[in-house]
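This report describes a structure for a reader who has not seen it before. The sequence and the model come next, followed by the text.

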Amino acid sequence: MPPDFSAQSKQRIERVLSRYPNKQAALLPVLHIAQDEFGHLPDPVIELVARTVDVSPAHVYGVVTFYTMFHRSKHGRNELMVCTNISCMLRGGYEILHHIEQKLGIKAGQTTPDGAFTVVEEECLAACANAPMMICGQDYFLDLTPQKVDTILEDLRRRWREQQKMAPGSSTLHGVGPLPAPKAKA
Amino acid sequence: MASADATNLKIVTKNFGVVDSHKLSVYTQRGGMQAFRKALTMAPAALVDEVKKSNLRGRGGAGFPTGMKWSFIPKEAKTVYLVINADESEPGTCKDRELMAYDPHMMLEGMLIASYALGCKHAYIYIRGEMMREATIVDGAIDESYAAGFLGKDHVTAAGSFKLDVTLHRGAGAYICGEETGLLNSLEGKRGWPRLKPPFPAVKGLFNAPTVVNNVETIMNLPDIVTKGGEWFAGVGMGKSGGTRIVCVSGHVVKPGVYELPMGISSRALIYDVCGGIPNGRALKGLIPGGSSMPPLDASELDVPIEFDALMTDTRIKDVEVKPGVAFDLGGGRKLKTMAGSGGVVVFDDTTDVVALCARIMEFYAHESCGQCTPCREGSGWLARVCRRLANGEGEPGDVELLANVANGIGGNTICALGDAAAWPMLGFITKFRADFEAKLAHAKTRRVAESAAAASNVGRMRVVP
């Protein structure tokens, strides 16, 4: 059965569509809503989005693959976006990235087997005065040191385990059940 | 340099440090929204004149006079859009994110004023996708503003009724969407491919309507321009650049941070007086004055004011060269020096591997090139690969000339400025730090000689084996 949006997502989409003079302009916000709900954007979801905003699936595919925040494959529950651009690089951004890679046993761009973490090497995340830094969801982790990173990873993993307990039987990867979506409505 | 009493003047960061500064109640308590009320008693054309008089210049990178940009909107236009560029992604720049987090209502007030002046009924904020926290804050501020009747409600004005809707639009991770026409395409639900200009957005922009795209910091200067007047704003600036300037200092300084400072402070005063100098007793090697797209300055160029015109023309700054003795020509007899850009100042000390730093910048542009124009798509990749092999000590003779040649082939030959943004710093780094590049080459040569000697001796030993 082709996927469909939940009632909650449909409500968000309706609100988004009312903010633009044509449906196509709502493509990015609708893709964000779709990714919040389905975790990533496989072909059936792309087709669903295309129907929703009245454009061809090929157009949606082109847009999805143009932007780095839209994923075609499953990502971990905690996406660690680690900046290694110049301001962070000068203050040890690569050391932080390598420390995380070593701690989690994965390379940048990969997801841990349990689905708890995906590590992404990011371009400048606009917190240069607090370099080195990373973002996870809505949380900024600033002025990082390897010791700080250890604590952060432990905290995130504990929180993730608690969420797992609250939703028994759910996939280790997000994609099942609603996520605490970003509040953005458009 | 601005007058001494202006040293502590805060315009856009005046509410920083106030508890709950992101809330409308706090903002209005501190005098917020008075400027909007005053603006409504003025004629829209008078507001545009006031902004022209203020010498306000775009804070996103190019430093274009805001009043002039506004005046390009055709008078007879029925639908006009205002779009706020909050897609801050220039490496080394972190001001708009903080401005939105701490004072979203000043941005909304600026938008209300600008929209009234321009005849815009629906304004969009294009916020960078990665800034989820800021999106939540701005979204909350928009809700508050609707509830309080500033947005979505008719206001009585000197020019009839005025009503504004504001929509927050999240990007999804593409540096190129900070380029204004790439941003407009992204806002229309397309790939963020920059458009060929002309037509400029002021004539044919969002949804084919006349559109003004302004940076967050730019728009946040408007309330004070309305309250205190354009002449006052121009007076606290320097030359043809009105107001204060936010600089984001990062890298090797004791106190990195986002500072609102008098327009025209020198790099030296910024680094040593404001930011506490270089840590660990080291010496300064150089700095990037306005985000990674701008050619760097070396230690002998610290006394030039960080101001739009000074950084482009001051004779104390060396010309960026295509090859030794030949300056990069910007056309119209202008030679490339550097630019104030987005205010992202990145400082590096004498322990820095400048070639590796440059390689990282080139890798950024290679990653972010949208792929429309061949010189940029292919050239940025060449710059990244050749610069990286040099940095790794694997450079080939002629690599420095190759880099300069490729960069020269990109600059000025692409639809948007991303090509220049890769080419200029490349040429700038070679011009200012050529010795570092040559040293990497010499190192590569020594290594290669040693390796081939080792290989030759291995060959000899192989022959001994029966």
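Strand E1 (residues 81-86) of chain B runs parallel to E2(B), and six bridges join them. Here two strands pair if DSSP finds at least two bridges between them, and the elements themselves are DSSP runs numbered from the N terminus, with at least four residues for a helix (H or I) and at least two for a strand (E). Within this pairing, B:Ile84 has B:Ile125 of E2(B) as its bridge partner. E2(B) also pairs with strand E5 (residues 165-170) of chain B, again in the parallel sense and over six bridges. There, B:His122 is the bridge partner of B:Asp165 in E5(B).

This is a predicted model, in which local features need pLDDT of at least 70 and side-chain atom pairs count only at pLDDT 80 or more, while totals for chains, interfaces and linings use all residues. Residues are numbered from 1 along each chain as its sequence is written, and chains are lettered from A and ligands numbered from 1 in the order in which they are written.

Is strand E2 of chain B buried or exposed? Six of its six residues (122-127) are buried, so the strand is largely enclosed by the rest of the structure. A residue is buried if 20 or more other C-beta atoms, placed from the backbone, lie within 10 Å of its own, exposed if 12 or fewer do, and partly exposed in between. B:His122, B:Tyr124 and B:Tyr126 point one way from E2(B), while B:Ala123, B:Ile125 and B:Ile127 point the other way.

B:Val83 touches B:Ala123, B:Tyr124 and B:Tyr126, among other residues more than four places away in sequence; contact means C-beta atoms, placed from the backbone, within 7 Å. B:Val83 is also one of the residues with the most contacts inside the largest nonpolar core, which has 194 residues. Such a core is a set of buried Ala, Val, Leu, Ile, Met, Phe, Trp, Tyr and Cys residues joined through C-beta atoms within 7 Å.

Chain B as a whole has 18 helices and 15 strands, and 57% of its 466 residues count as buried. Its C-alpha trace spans about 100 × 45 × 45 Å along the principal axes. Of the contacts in chain B between residues at least 6 apart in sequence, 72% join residues at least 24 apart.

Chain A is divided into domain 1 (7-66) and domain 2 (78-166), with bounds from an automatic or database domain assignment. The C-alpha centres of these two domains of chain A lie 29 Å apart.

The contact between the chains takes 41 residues from chain A and 48 residues from chain B. Elements giving two or more residues to the chain B side include E5, helix H7 (132-147) and helix H14 (354-368) of chain B.

Some backbone angles are listed below.

| Site | Feature | Value |
|---|---|---|
| A:Ala131 to A:Pro132 | cis peptide bond, omega | about -5° |
| B:Lys197 to B:Pro198 | cis peptide bond, omega | near -5° |
| A:Asp54 | positive phi | near 65° |
| B:Phe207 | positive phi | near 50° |

In chain A, A:Pro132 is found in the loop between strand E2 (117-122) and strand E3 (134-136). B:Pro198 lies in the loop between H8 and strand E6 (211-215) of chain B, and B:Phe207 is placed in the loop between H8 and E6 of chain B. A:Asp54 counts as exposed because it has 12 C-beta neighbours inside 10 Å, whereas B:Phe207, with 16, counts as partly exposed.

Terms used. Two residues are in contact if their C-beta atoms, placed from the backbone, lie within 7 Å.
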